[in-house]
Structures are given as structure tokens and as C-alpha cells.
Amino acid sequence: MELRQARYFLVLAEECHFGRAAARLHVAQPALSQQIKQLERELGIALFHRSTRHVELTEAGRHLMSYAHTLVTEAERARIHMTELATGQAGRVSVGFIGTATYDVLPRVARTVRAELPHIVLELRGELLTPQLTEGLRTGVYDLAVFRPAAPSEGVHIVPLRTEPLVAVLPEHHPLAADREIALSALAEEAFVIHTAQPRSAMYDRVLAACARAGFQPSSLVEVGETATLVVLVAAGHGVALVPESVQSLRLDGATYVPLAERETVDLVLGRRVHRNTPAAQQVAAVIERCVRD
């Protein structure tokens with residue numbers, strides 16, 4: 001049974017009149033009659049009782065109604081879904097986030113996509129490092145990734161998102177915790193809690209470079225893989241840290257964020273896969289750019 005035959009059959013079953021059914025379908029009456037006869041031949045059974053004045057479903061025709069409805073309904077659903085895929089209104093998109101964007105960018109992106117693009121299935125992963133994300137883009141694990149600038153990676157297109165200042169994270173009872181701002185050099189004797197060197201976090205190099213410009217190298221480093229763990233360890237008194245300003249959205253008892261007197265900044269970028277930039281991925285990328293820049 002062809003889709004056209006199913007549609008013709010359903011309209012005729014509703015109208016029980018060839019003339020009215022043909023008018024609804026915008027076809028000639030003989031063409032409708034021919035399609036119904038062909039359908040009956042293919043199925044090997046009469047679907048309508050016909051007389052000069054009356055058309056009525058047979059028992060077989062009544063049984064066919066549910067199958068024909070399913071066929072037409074599913075075909076329409078498929079058409080709508082294909083249109084949504086083509087326009088980026090539906091699909092599956094995997095997005096990875098570095099740790100410092102997990103608590104700021106990720107929630108806003110998730111909320112916005114759910115509200116504006118409800119038929120897109122998001123696969124979100126946070127608390128990842130830049131090397132993991134660039135490799136994941138290259139190998140196809142992620143369609144999009146939000147991370148700190150790194151060395152160029154083949155097959156990855158980079159879009160700048162924002163530049164944000166670094167701030168200090170101090171235990172709440174630290175002597176400088178109540179200051180409005182502090183010079184980074186004032187932390188020269190402190191142990192630093194820092195993102196891991198292996199695998200290499202972009203923040204590891206950024207923090208050590210900032211310290212070097214302030215005239216010192218931390219004498220003690222406590223390396224962690226996740227931003228939440230970093231702030232927890234600072235709150236527990238294991239040292240101090242430098243983080244992007246947006247991490248202040250992660251509020252933990254015992255940790256205080258203090259601006260730096262120096263203008264130390266770090267960039268955030270969006271990475272896209274060049275060779276699999278689906279319409280859905282393009283839509284989500286636009287949401288990410290808007291969420292970060294607004």
C-alpha cells in the first residue's frame with residue numbers, strides 16, 4: 001500500500017462519497033476510483049461496498065483504517081522530523097566544557113536549548129581539560145567544546161567568546177580575604193592550588209605565567225583536575241588559587257574571591273568540528289555564543 005493510496009482511502013472512508021472525497025483531495029473522481037480499485041487488487045479484498053447512491057466500508061475496510069492512519073501519521077511525523085533536522089531544530093549534539101565554564105556557561109546553555117530548541121538532544125560533559133576537549137573534537141567525541149585557547153588542532157574551528165580577568169581564591173580567614181583587591185605578589189609565599197599539569201590544563205600555564213610577571217614562582221603546588229575540587233581545597237586551607245572571574249558563580253563555604261590589582265586575563269573560546277558541522281550543532285553553537293556574550 002502506497003502512502004498516496006492510504007491517504008485516498010482514508011478520505012473516501014470519511015466522506016463515503018467519491019465526488020466529495022475527490023474534491024477534498026484535489027484529484028479527478030476517475031483517478032480516485034482507479035487508485036482505490038488498484039489498492040483493492042493489491043490487497044486481494046474489497047474495501048468498499050459501492051452502489052449508484054452509496055459508498056460504505058466493508059469489514060476489511062474498517063480493519064484497514066487503523067493501519068492507514070498509522071502509515072499517514074508516521075509519514076507526517078517523519079516529514080516534520082526531517083524538516084527539523086534540516087533546519088537545526090532537532091538532532092543530537094555533544095558539548096564538552098572546561099571546568100571553569102562548567103558552573104557558569106553550561107547551566108545557561110542547557111536552560112536555553114531546552115526552552116528554545118526542545119527537540120535537540122544535548123549530551124553535556126563538564127569539568128574537562130583543554131587537551132581532552134581538543135582531542136575529543138578532532139576524534140568526533142564532541143561536536144562543540146568550550147575551552148581555553150590552545151595550539152591549533154586540525155579539523156577544529158575556533159570562535160572567540162570572551163576575555164575575563166583572573167581573581168584570587170582565598171580561605172575565608174586569610175589575612176587578605178577582606179581586602180577589596182590584592183596584588184598578586186602578596187601571595188608569593190603561599191602554596192597554590194592549581195589545575196593539573198598532566199594532562200596539561202591551559203590554566204596551569206596561565207597561572208604560572210601570571211605569577212612570573214608578579215616576580216615569583218610558587219614554592220608549592222597542589223594539582224587538581226576539577227575546578228570544584230580546587231575551590232574546596234582552598235576553602236579547607238590547602239593554599240590559594242587563581243581562577244577566571246566567572247568561577248565566582250561556584251559559591252562554597254570557606255572560600256572567598258578577591259580581585260587582583262593586576263590586569264591578568266584569560267580567554268574563552270568555542271571549538272567546532274569543521275567536517276561535521278550539522279544544522280543542530282550550528283544552532284547550539286549560536287546559543288553558546290549568545291549565552292556567553294550576553
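A nonpolar surface patch of about 310 Å² is formed by Met 1, Tyr 67 and Leu 71. Patches were assembled from residues with over 30% relative accessible area and no salt bridge, like charges being joined within 9 Å and nonpolar side chains (Val, Leu, Ile, Met, Phe, Trp, Tyr) within 5 Å. Accessible areas follow the Shrake-Rupley method with a 1.4 Å probe, and for residues only the protein chains shown count as cover. Leu 71 belongs to helix α4 (residues 59-87); helices (H or I, at least four residues) and strands (E, at least two) are DSSP runs numbered from the N terminus. Leu 71 counts as partly exposed because its relative accessibility is 31%, where buried denotes under 20% relative accessible area, exposed over 50%, and partly exposed the range in between (1.4 Å probe, protein chains only).

The structure is a predicted model, in which local features need pLDDT of at least 70 and side-chain atom pairs count only at pLDDT 80 or more, while totals for chains, interfaces and linings use all residues. Residues are numbered from 1 along each chain as its sequence is written, and side-chain values use heavy atoms, with hydrogens and water left out.

Strand β5 (residues 144-147) is covered on both faces: Leu 144 and Val 146 on one side, and Ala 145 and Phe 147 on the other, are all buried. Strands are taken to pair if DSSP finds at least two bridges between them. Strand β3 (residues 90-98) pairs with β5 in the parallel sense over three bridges, and Val 146 in β5 is the bridge partner of Phe 97. The pairing of β5 with strand β11 (residues 265-273) is antiparallel and spans four bridges; here Val 146 stands opposite Leu 270 of β11.

Rolling a probe the size of a water molecule over the atoms shows where empty space is left. A cavity is defined, on a 1 Å grid over the protein atoms alone, as a set of points where a 1.4 Å probe fits but cannot get out, and its lining residues have an atom within 4 Å of a point. Grid points are joined across faces, edges and corners, and a volume is the space filled by probe spheres set on the points. One cavity of 30 Å³ or more was found in a search of the whole structure. The largest cavity encloses about 90 Å³ of space. Its lining comprises 14 residues, of which Ile 98, Gly 99, Leu 128, Leu 129 and Ser 201 lie nearest the centre. At least two lining residues are supplied by each of α5 (99-102), β4 (119-128) and α8 (202-213). Ala 210 lies in helix α8 and is buried, with a relative accessible area of 0%. The C-alpha atoms of Ala 210 and Glu 190, 20 residues apart along the chain, are separated by 14 Å.

Side chains of opposite charge can pair when their charged atoms come close. With a salt bridge defined as a side-chain nitrogen of Lys or Arg within 4 Å of a carboxyl oxygen of Asp or Glu, the count comes to 19. In the salt bridge between Glu 40 and Arg 50, the closest N and O atoms are 2.9 Å apart. This pair links distant parts of the chain, with Glu 40 in helix α3 (residues 29-43) and Arg 50 in strand β1 (residues 48-50), ten residues apart. Glu 40 is buried at 10% relative accessibility, whereas Arg 50 is partly exposed at 37%.

Arg 92 and Glu 123 form a further salt bridge, with the closest N and O atoms 3.1 Å apart. Arg 92 in strand β3 and Glu 123 in strand β4 are 31 residues apart, so that this pair also links distant parts of the chain. Glu 123 is partly exposed, at 36% relative accessibility. The side chains of Arg 290 and Glu 116 meet at 2.7 Å, N to O, in another salt bridge. Here the separation along the chain is 174 residues, from Glu 116 in helix α6 (residues 105-116) to Arg 290 in helix α10 (residues 279-293). Both side chains belong to partly exposed residues, Arg 290 at 33% relative accessible area and Glu 116 at 43%. Asp 104, Arg 108, Arg 148, Arg 162 and Glu 164 are joined into one network by salt bridges that share partners.

Several features concern the backbone. A cis peptide bond, with omega of about -5°, joins Gln 198 and Pro 199, and Pro 199 is placed in the loop between β7 (192-195) and α8. His 26 has a positive phi of about 60° although it is not a glycine. This residue lies in the loop between α2 (18-25) and α3 and is exposed, with a relative accessible area of 73%. Glu 127, likewise not a glycine, has a positive phi of about 55°. Glu 127 is located in strand β4 and counts as buried at 17% relative accessibility.

Technical notes:
On a 1 Å grid over the protein atoms alone, a cavity is a set of points where a 1.4 Å probe fits but cannot get out, and a pocket is an open set with protein on both sides within 12 Å along at least five of seven lines; lining residues have an atom within 4 Å of a point.
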